[in-house]
Amino acid sequence: KLLHRPWLRVLLVLLLIVLAALLALRVLLRQMPARVAEALGPRASIGAIDLDWRGVEVRDLVLRALPGQWPAAEELRATRVLVRPTLASLLSGRIGLARITVEGGQVSLLRPRDGRLRVVPSLLERGGSSAAGPGLPLRIEQVSLRDVGVDLVWTFDDMAYRTGPMFSPRIFRTVFMPHLRRVADAIKGE
């Protein structure tokens, strides 16, 4: 007798749709740890990957840099990284991230002569592909750093005209070099 009421049938159908959507979301979220490990690549060292209803938690993450191509041994070290995918990415199969929160670690950045800022190239610079896969764009809506040190040394100065230096080499050695040496020693930790 209860199923003969139209509002009850509509409510039952809506409840079934919500349950099916939650089940699909749970199945898709279970795929996230494998996707994250694959996206981090072979130079990544991962302590653990856990899953909760909001996304993936990666603990004790280290992304090693390619020797000779990066100024530090590691591009990123973090005690905890929280990855929150967008709902649309879970349903589409592409990786879109609502938020990445990096906690307790160190990230090194590089600004080469061309002026662009390079950050975690093992993830973001894969020769035409991204961590989302070959040819797929990786969209990250927000990145938060908490208790993370940033290694970046960016110095610039203008010591020359187009035709030559602004001052003699002797002035450079006596006036500028002591200061530059102190800066370099501080950077090297001496």
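Is R80 buried, exposed or partly exposed? In this predicted model, R80 has a relative accessible area of 28% and is therefore partly exposed. The residue takes part in more than one of the charged pairs described below, after an outline of the chain as a whole.

The protein chain contains four helices and nine strands. Read from the N terminus, these elements follow the order α-β-β-β-α-β-β-α-β-β-β-β-α. The protein chain has 190 residues, and 28% of them are buried. About 13,200 Å² of the protein chain is exposed, with 60% of this area supplied by carbon and sulfur atoms. When contacts between residues at least 6 apart in sequence are considered, 48% of them join residues at least 24 apart.

The largest nonpolar core consists of 19 residues. Within this core, the residues that touch the most other members are L40, L61, L63, V81 and V102. At least two core residues come from each of helix 1 (6-40), strand 2, strand 3 (74-85) and strand 4. Strand 4 makes the greatest contribution to the core, namely five residues.

Charged side chains were examined next. The count of salt bridges is seven. One of them is formed by the side chains of E57 and R80, with an N to O distance of 3.0 Å. Because E57 belongs to strand 2 and R80 to strand 3, this pair ties together parts of the chain that are 23 residues apart in sequence. The side chains of E57 and R80 are also joined by a polar contact of 3.0 Å.

Strand 2, in which E57 lies, covers residues 55-64. The relative accessible area of E57 is 18%; since the limit for a buried residue is under 20%, E57 is counted as buried. With neighbours within four places in sequence left aside, E57 is in contact with A48, I49, D50, R80, V81 and L82. R80 thus appears in this contact list as well as in the salt bridge with E57.

R80 also forms a salt bridge with E103, in which the closest N and O atoms are 3.1 Å apart. Here E103 lies in strand 4 and R80 in strand 3, so that this pair, too, ties together parts 23 residues apart in sequence. E103 has a relative accessibility of 15% and for this reason counts as buried. Through salt bridges that share partners, D50, E57, R59, R80, E103 and R146 are joined into one network.

Another salt bridge links E74 and R77, whose closest N and O atoms are 2.4 Å apart. E74 is partly exposed, with a relative accessible area of 25%. R77 is likewise partly exposed, and its relative accessible area is 40%.

Strand 3 also holds E75. The relative accessible area of E75 is 2%, which means that E75 is buried. Apart from neighbours within four places in sequence, the residues in contact with E75 are R43, L63, R64, A65, W70, Q106, V107, S108, V120, P121 and S122. Among them is L63, one of the core residues that touch the most other members.

The surface was considered last. A nonpolar patch of about 540 Å² is formed there by L117, V119, L124, I140, V143, L145 and V150. Strand 9, which spans residues 143-151, gives the most to the patch, contributing three residues. L117, also a member of the patch, is located in the loop that runs between strand 4 (96-110) and strand 5 (118-119). The relative accessibility of L117 is 39%, so this residue is classed as partly exposed.

Terms used
Residues numbered from 1 in each chain as written. Predicted model: local features only at pLDDT ≥ 70, side-chain atom pairs only at ≥ 80, totals over all residues. Heavy atoms only, no water. Patch = residues over 30% accessible without salt bridge, like charges linked within 9 Å, V, L, I, M, F, W, Y side chains within 5 Å. Areas by Shrake-Rupley, 256 points an atom, 1.4 Å probe, with all protein chains shown as cover. Salt bridge = Lys/Arg side-chain N within 4 Å of Asp/Glu carboxyl O. Buried < 20%, exposed > 50% of the residue type's maximum accessible area, 1.4 Å probe, protein only. Polar contact = N/O pair within 3.5 Å; in protein donor to acceptor, adjacent residues only side chain to side chain. Contact = heavy atoms within 4.5 Å. Core = buried A, V, L, I, M, F, W, Y, C linked by side-chain atoms within 4.5 Å.
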